[in-house]
Amino acid sequence: ALQYRIGQLYMISKHSHEQSDRGEGVEVVQNEPYEDPNYGNGQLTEKRVYLNKLPSWARAVVPKIFYVTEKAWNYYPYTITEYTCSFLPKFSIHIETKYEDNKGSNDSIFDKEAKDLEREVCFIDIASDDIPERYYKESEDPKYFKSQKTGRGHLKEGWRETHQPIMCSYKLVTVKFEVWGLQTRVEQFVHKASEQLDILLLGHRQAFAWVDEWYDMTMDEVREFERATQEATNKKIGVFPPAISISNIAMPSSTRSAPSSAPSTPLSTDAPEFLTVPKERPRKKSAPETLTLPDLEK
């Protein structure tokens with residue numbers, strides 16, 4: 001489990017740096033130890049995800065002058081991640097993650113947290129699932145990659161039944177968007193957006209394919225790599241506050257007299273066209289019940 005944790009931290013830092021550029025990407029605001037009375041010692045990380053690197057569902061509802069805040073509390077093997085936006089104070093995504101040393105066979109892992117919620121299970125296989133062409137690299141394909149240091153790979157069809165060590169990352173995603181007329185449509189849109197699955201798939205493929213880069217690292221060493229990479233990423237982005245001009249043109253009287261609880265722009269019961277729920281993307285039937293990654297403990 002410790003090896004997986006190191007690989008995950010390494011992957012997140014390197015991936016964020018590769019995907020960032022001036023004015024866009026992921027800025028790390030804070031990353032420091034944090035103690036919780038219930039979960040014990042952990043790590044609190046706060047990031048700002050700038051618009052050009054947001055998934056399509058977020059770009060559809062977030063203006064370009066704003067960013068999404070990601071806060072993560074890591075009490076490995078349990079983590080909590082929340083996404084919020086100041087422009088949409090009633091919009092949030094809450095993700096709980098648990099890690100277990102199995103191949104995704106624990107169907108009741110979130111029964112306590114989601115016993116009263118309607119759930120839809122998504123299956124992700126880092127070796128067999130299709131990945132968008134723009135993300136694909138043969139060097140990061142688990143079907144063809146073989147680790148020189150560990151001998152792990154190639155992950156061929158049915159690898160989950162025979163490959164050792166192995167572990168699974170289980171995620172419980174809850175979406176809230178309490179805006180009259182759009183709540184159900186946006187929640188469905190976010191839950192069904194295939195881009196979320198693509199990002200999870202890509203990240204874990206990279207964590208596996210980069211194993212020879214991080215396998216010999218200690219936790220202290222990966223934290224130092226994380227610190228140095230985050231500093232370089234923030235400089236690469238060149239973060240600067242957006243210029244916002246506010247017009248002094250008077251609003252129509254009908255708008256000025258609206259009750260304080262009314263939305264600032266008229267909303268009908270029908271969601272705009274850009275929030276149409278995307279069609280289901282076909283996934284291979286061989287995918288497991290949850291995202292599965294070899295256990296890197298040994």
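# A guided tour, starting at Arg205

Select Arg205 and you land in helix H5. Helices (H or I, at least four residues) and strands (E, at least two) are DSSP runs, numbered from the N terminus. This is a predicted model, with residues numbered from 1 along each chain as its sequence is written. Local features need pLDDT of at least 70, side-chain atom pairs count only at pLDDT 80 or more, totals for chains, interfaces and linings use all residues, and side-chain values use heavy atoms, with hydrogens and water left out.

## Stop 1: around Arg205

Is Arg205 buried or exposed? Arg205 is buried, at 3% relative accessibility. Buried means under 20% relative accessible area, exposed means over 50%, and partly exposed lies in between (1.4 Å probe, protein chains only).

Now show what touches Arg205. A contact means heavy atoms within 4.5 Å. Leave aside neighbours within four places in sequence, and Arg205 is in contact with Ile126, Ala127, Asp129, Ile131, Tyr136, Glu140, Asp141 and Pro142.

## Stop 2: from Asp141 to Lys143

Stay on Asp141, one of the contacts of Arg205. Asp141 forms a salt bridge with Lys143, and their closest N and O atoms are 3.3 Å apart. A salt bridge is a side-chain nitrogen of Lys or Arg within 4 Å of a carboxyl oxygen of Asp or Glu. Asp141 is buried, with a relative accessible area of 2%. Lys143 is partly exposed, at 27%.

## Stop 3: the nonpolar core

Go back to helix H5, residues 194-209. H5 gives the most to the largest nonpolar core, with six residues. Such a core is a set of buried Ala, Val, Leu, Ile, Met, Phe, Trp, Tyr and Cys residues joined through side-chain atoms within 4.5 Å.

This core has 24 residues. Select Tyr10, Ile126, Leu155, Trp159, Trp214, Met217 and Val222, which have the most contacts inside it. Helix H1 (2-19), H5 and H6 each supply at least two residues of the core.

## Stop 4: along helix H7

Next, select helix H7, residues 219-237. Find Glu226 and Arg223. Their side chains meet in a salt bridge (2.7 Å, N to O). What separates the two along the helix? Glu226 and Arg223 are three residues apart in H7, so about one helical turn lies between them. Glu226 is buried, at 7% relative accessibility. Arg223 counts as buried too, at 19%.

Move on to Lys235 and Glu231. They form a salt bridge with closest N and O atoms 3.7 Å apart. Both lie in H7, four residues apart, about one turn of the helix. Lys235 is exposed, at 63% relative accessibility, and Glu231 is partly exposed, at 40%. Add Glu224 and Arg227 to the selection: salt bridges that share partners join Glu224, Arg227, Glu231 and Lys235 into one network. Across the whole structure, a search finds 11 salt bridges.

## Stop 5: three paired strands

Select strand E3, residues 67-75. Seven of its nine residues are buried, so E3 is largely enclosed by the rest of the structure.

Add strand E2, residues 40-50. E2 and E3 run antiparallel and are joined by eight bridges. Two strands pair if DSSP finds at least two bridges between them. Then add strand E4, residues 78-85. E3 and E4 pair in the antiparallel sense over seven bridges. They form a hairpin with two residues between them.

Pick out Trp73 in E3. Leu44 stands opposite Trp73. Ile80 in E4 also has Trp73 opposite.

## Stop 6: colour by confidence

Colour the protein by pLDDT, the predictor's confidence in each residue, from 0 to 100. The mean is 74, and 66% of residues reach 70 or more. Where is confidence highest, and where is it lowest? It is highest in helix H6 (residues 211-214), at a mean of 95, and lowest in helix H8 (residues 253-256), at 34.

Select residues 240-279. Here the pLDDT is below 50, and the stretch has 33 contacts in the model beyond near neighbours in sequence. Residues 281-293 stay under 50 as well, and the model has 60 contacts for them beyond four places in sequence. Where pLDDT is low, the predicted coordinates should not be read in detail.

## Last stop: zoom out

Show the whole protein. Its secondary structure comes to eight helices and seven strands. Of its 298 residues, 45% are buried. Among contacts between residues at least 6 apart in sequence, 71% join residues at least 24 apart.
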